[in-house]
Amino acid sequence: MTDQPARRAAELLGQARRVVVFTGAGMSAESGVPTFRDALTGLWQRYDAQALATPEAFRADPALVWGWYEWRRHAVRLAHPNAGHRAVAAIQHRVPGTVLITQNVDDLHERAGSPAPVHLHGSLFAPRCSACARPAPVSDDAEGEPVDGRRVPPPRCAHCTAPVRPGVVWFGEALPGAALDAAVEAASSCDLLLTIGTSGLVYPAAEIPQVAARLGAAVVQVNPEETPLDGVAEVNLRGPAARVLPALVDAVWEGADG
Ligand code: APR
């Protein structure tokens, strides 16, 4: 990492004591998990993602919406964490107390070895009853799932027989209170926030890097594209997470044992 922004980012990470890592869909892009704003494919290409990801859509056509989330869950099952996910886990290992906050509903951070990410937008692996909210089992059977997806009637809750829904936050729904509180608290007391692979367009999640900056933390952004967070960040690293993050970790800790 020779360029000035990269050297400054390494300096900030090297001296940080309380780190927050904030990630979005771009973090998983190089694992083949499409970002939310990537065009939908297969059965879903005639739908707008935002239209599918609402309580209204689920009420109107539960099999369509459940099918879409099952298709996304199977895609994530077939994907693997990338070097960016592993670099985040390495930062958590090197800087004890680092808080990882993700907008992603996949489990690639966990599979890369990151302990207890805060899932602001829920998870594809935490379905629950749409009425009594009791957790529901996740079926692992991806056998014979058509690659283009299909409509799948949601299972019924074992307790109240209402339809089971995906454990994600839909548009128009509030974020899980405990997760949002933990994210705001971490952002309010950190000295460095790394924001990685997010467009910074969806609120209230997009507020998190701004809270950190307002309270004096340094913000470093990793994104190949410009985003509204450019002005919030002290350093903008333009590149893909799976290339930029391992280089950043190496620049700070290469040769450092333990
Ligand atoms: N490395 C880093 N960033 C990347 C990469 C990459 N390899 N590929 C794409 N990006 C960036 C894009 O430039 C874009 O800014 O990732 C961002 C992805 O933006 P979105 O698709 O808007 O995803 P995100 O910011 O996570 O969306 C927020 O909105 O759609 C809802 O619930 C969904 O959690 C999601 C939330």
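The expected span of a helix is 1.5 Å times one less than its number of residues, and helix α10, with 13 residues at positions 241–253, reaches 18 Å from its first C-alpha to its last, close to the 18 Å expected on that basis. The model considered here is predicted. Two parts of it are described below: helix α10 with the largest nonpolar core, to which α10 gives the most residues, and the pair formed by Gln 103 and His 121, in which the backbone oxygen of Gln 103 lies 3.3 Å from a polar atom of the His 121 side chain.

**Helix α10 and the nonpolar core**

- The buried residues of α10 are Ala 241, Ala 242, Val 244, Leu 245, Leu 248, Val 249 and Trp 253, and they pack against the helices α1 (4–15), α2 (26–29) and α6 (83–94) as well as the strands β6 (192–196), β7 (218–222) and β8 (235–237).
- An α-helix has 3.6 residues a turn, so residues three or four places apart point the same way.
- The largest nonpolar core comprises 28 residues, and those with the most contacts inside it are Val 19, Ile 91, Leu 192, Ile 196, Val 220, Leu 237 and Leu 245.
- At least two residues of this core come from each of α1, β1 (19–23), α6, β6, β7, β8 and α10, with α10 giving the most, namely six residues.
- Leu 245, when its neighbours within four places in sequence are left aside, is in contact with Met 27, Gly 84, Ala 87, Val 88, Ile 196 and Val 222.

**Gln 103**

- Gln 103 is placed in the loop between β2 (99–102) and α7 (108–111), and it counts as buried because its relative accessibility is 12%, under the 20% cut-off.
- Its side chain is joined to that of Thr 198 by a polar contact of 2.9 Å.
- Beyond its neighbours within four places in sequence, Gln 103 is in contact with Phe 22, Thr 23, Gly 24, His 121, Thr 198, Val 202 and Ala 205.
- The C-alpha atoms of Gln 103 and Ala 25 are separated by 7.3 Å, although these residues are 78 residues apart along the chain.

**His 121**

- His 121 belongs to the loop between β3 (118–119) and β4 (128–129), and with a relative accessibility of 14% this residue also counts as buried.
- Setting aside neighbours within four places in sequence, His 121 is in contact with Thr 102, Gln 103, Val 105, Val 168, Val 169, Leu 175, Val 202 and Ala 205.
- Val 202 and Ala 205 are thus among the residues in contact with both His 121 and Gln 103.

Technical notes. Residues are numbered from 1 along each chain as its sequence is written. This is a predicted model: local features need pLDDT of at least 70, side-chain atom pairs count only at pLDDT 80 or more; totals for chains, interfaces and linings use all residues. Side-chain values use heavy atoms; hydrogens and water are left out. Helices (H or I, at least four residues) and strands (E, at least two) are DSSP runs, numbered from the N terminus. Buried means under 20% relative accessible area, exposed over 50%, partly exposed in between (1.4 Å probe, protein chains only). A polar contact is a pair of N or O atoms within 3.5 Å; within protein, one must be able to donate a hydrogen and the other to accept it, and residues adjacent in sequence count only if both atoms are side-chain atoms. Contact means heavy atoms within 4.5 Å. A nonpolar core is a set of buried Ala, Val, Leu, Ile, Met, Phe, Trp, Tyr and Cys residues joined through side-chain atoms within 4.5 Å.
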